[in-house]
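Okay, thanks for making time for this one. I'll put the sequence and the model up, and then we'll walk through it from the ligand outwards.

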Amino acid sequence: MAVRIVRACRELGIQTVLAYSEADRDSLAVRMADEAVCIGPAASIRSYLNPPALISAALITGCDAIHPGYGFLAENSYFAEMCTGCNLHFIGPHAETIRLMGDKALGRHTMQQAGVPVIPGSEGELRSVEEAIELAQTIGYPVLLKPSAGGGGRGMRVAWNEKELLKGYATARSEAEVAFGRSDLILEKYLPQVRHIEVQVLADAYGHAIHLGERDCSVQRRYQKIIEEAPSIAVDAAMREQMGIAALRGVHAIGYVNAGTFEFLVDPQGNYYFIEMNTRIQVEHTVTEAVTGIDLLHWQLRIAAGERLTLDQKNVRIGEHAVECRINAEDPGRDFLPVSGEVEFFLPPGGPGVRVDSHLYAGYALPTTYDSLLAKIITWGATRDEALNRMRRALNECVITGIPTTIPFHLAVLDDPSFRSGSISTGYVAEFLQHWKNRP
Ligand code: MV4
């Protein structure tokens, strides 16, 4: 992401200072940025999660703004507040917006009030296990407990009956306390066969906002997205417009500014329900860029600089079909165990309809300290089949030696008839892996 941000800045004539930890001294982003400042040791708590180190690095080098990327402090309202307090633009929404949407109970409530469809469930935070049981009786089992401070699926717990709910309530609370420092839970109807479909929005500081259609992120493993595509085959033009209007209602209700994502679950009947909002740029923003031709990073920077969003909804055309495969330094043969090592050789794919966002180079020693994402390969074509066939071509062309990667897994998914036909939902990767593990 740092490489992506430096590229966008360079295109807009903005100079960059990269803040890096000791583990990232040899990273491509350090080489690409105009300047680089070491902000601390490898342990992220002492570097990338350390606001005073980041803010002083920015002030010493005369920065105007901080782009938080998508991990670490990107959705931390205190950090956004500190930036603003130090006269640095935080490239994202207001601190108060981050705080509001970081609280699932408040987010749900706010969106419901704004007329965005939400999943049947608790009004706010659950006050007691008795309340949870009573609510579950009304909406019907199965139900899902989610930490109100969580997000991205962490700490969720399904209950199929009262006994499981009783037990799950206590476990979920203590897990939430450990993971997020807050034990509050919300309860939702559990929808067992859904797709994860998110709507991208852009909003400026003057009340003008547009949506850029959806991304289908149903191919996930342990709540980590693996493959994303746009548009979704489960969404037609009418539904796209409806979901877009719903997302924009949400944007205006909270005075949202900058790039953001509304996450929805879509059931087999085509009903859609808001679950949470991401107040940052996401890994998979690339597929939206591929189908709309709109540079989301440019707009993030321009909006943060106080420029007007000069695009109108009628300028947004979902042209072709795009797909992204996340290539990770993980061994799919060993339950996706993250691996370390030196990249011996790297040959990214190319040619028509292919984009590669990566920080790899030959001789790069991978730090295992952070996440295992090595490269995003994005391909597009006039149809889904064309995009997928091109992805197969690109994955076969891609050479990464020295470490195992998830490329073989992606190639197998691309050949899977269920994935090809698009009839997938929550359980897809787990089911696919069962067959794949038993392969001869
Ligand atoms: C759900 C759900 C079913 N019912 N909420 C996954 C990511 C996180 N943001 C929320 N997630 C889910 N929330 C209710 N009420 C199922 C999931 C889910 C999922 C959704 C779409 C595609 C793949 C998935 C894998 C696991 C869980």
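One bit of vocabulary before the ligand: a polar contact here is a pair of N or O atoms within 3.5 Å, and within protein one must be able to donate a hydrogen and the other to accept it, with residues adjacent in sequence counting only if both atoms are side-chain atoms. And the fine print: this is a predicted model, where local features need pLDDT of at least 70, side-chain atom pairs count only at pLDDT 80 or more, and totals for chains, interfaces and linings use all residues. Residues are numbered from 1 along each chain as its sequence is written, and side-chain values use heavy atoms, with hydrogens and water left out.

So, the ligand. Lys-146 puts a polar side-chain atom 3.1 Å from a ligand nitrogen. Glu-263 also has a polar side-chain atom 3.1 Å from a nitrogen atom of the ligand. Then there's Lys-189, where a polar backbone atom sits 2.8 Å from a ligand nitrogen. On its own the ligand has 540 Å² of accessible area, and the protein covers 94% of that; those areas come from Shrake-Rupley with a 1.4 Å probe, and for residues only the protein chains shown count as cover.

What does the shell look like? There are 19 residues around the ligand, the closest being Glu-188, Lys-189, Leu-191, Glu-263 and Thr-426. A residue gets into that shell if one of its heavy atoms lies within 4 Å. By type, we have eight nonpolar, six polar and five charged, where Ala, Val, Leu, Ile, Met, Phe, Trp, Tyr, Cys and Pro are nonpolar, Asp, Glu, Lys and Arg are charged, and the others, Gly among them, are polar.

Where does the shell come from? Five strands each supply at least two residues: β5 (143-147), β7 (185-189), β9 (209-221), β11 (258-266) and β12 (272-278). Strands and helices are DSSP runs numbered from the N terminus, E of at least two residues for strands, H or I of at least four for helices. At the domain level, domain 2 (120-189) and domain 3 (195-437) each give at least three shell residues. Domain 1 is 2-91, and its centre is 36 Å from that of domain 2, taken over C-alpha atoms. Those bounds come from an automatic or database assignment.

Now the sheet, and I'd start with β8. All nine of the nine residues in 195-203 are buried, so the strand is largely enclosed by the rest of the structure. Buried means under 20% relative accessible area, exposed over 50%, partly exposed in between, with a 1.4 Å probe and protein chains only. Arg-195, Ile-197, Val-199, Val-201 and Ala-203 point one way, His-196, Glu-198, Gln-200 and Leu-202 the other, and all are buried.

Who are the neighbours? β8 pairs antiparallel with β11 over nine bridges, and antiparallel with β9 over six; pairing needs at least two DSSP bridges. Leu-202 is a handy landmark: its bridge partner in β11 is Ala-259, and in β9 it stands opposite Ile-210. β8 and β9 make a hairpin with five residues in between, and Gly-207 in that turn has a positive phi of about 85 degrees.

Carry on from β11 and you reach β12, antiparallel again, with six bridges. Leu-265 has Tyr-273 as its partner there. That's a hairpin too, with five residues between the strands, and Gly-270 in the turn has a positive phi of about 90 degrees. β12 is mostly covered, with seven of its seven residues buried.

Last, the backbone oddities. Most residues other than glycine have a negative phi, and most peptide bonds are trans. Here, Tyr-141 and Pro-142 are joined by a cis peptide bond, omega about -5 degrees, with Pro-142 in the loop between α7 (129-139) and β5. Ala-230 and Pro-231 share a cis bond too, omega about -10 degrees.

On the phi side, Phe-72 is near 40 degrees; that residue is partly exposed at 45% relative accessible area. Tyr-223, in the loop between β9 and β10, has a phi near 65 degrees. Okay, over to you for questions.
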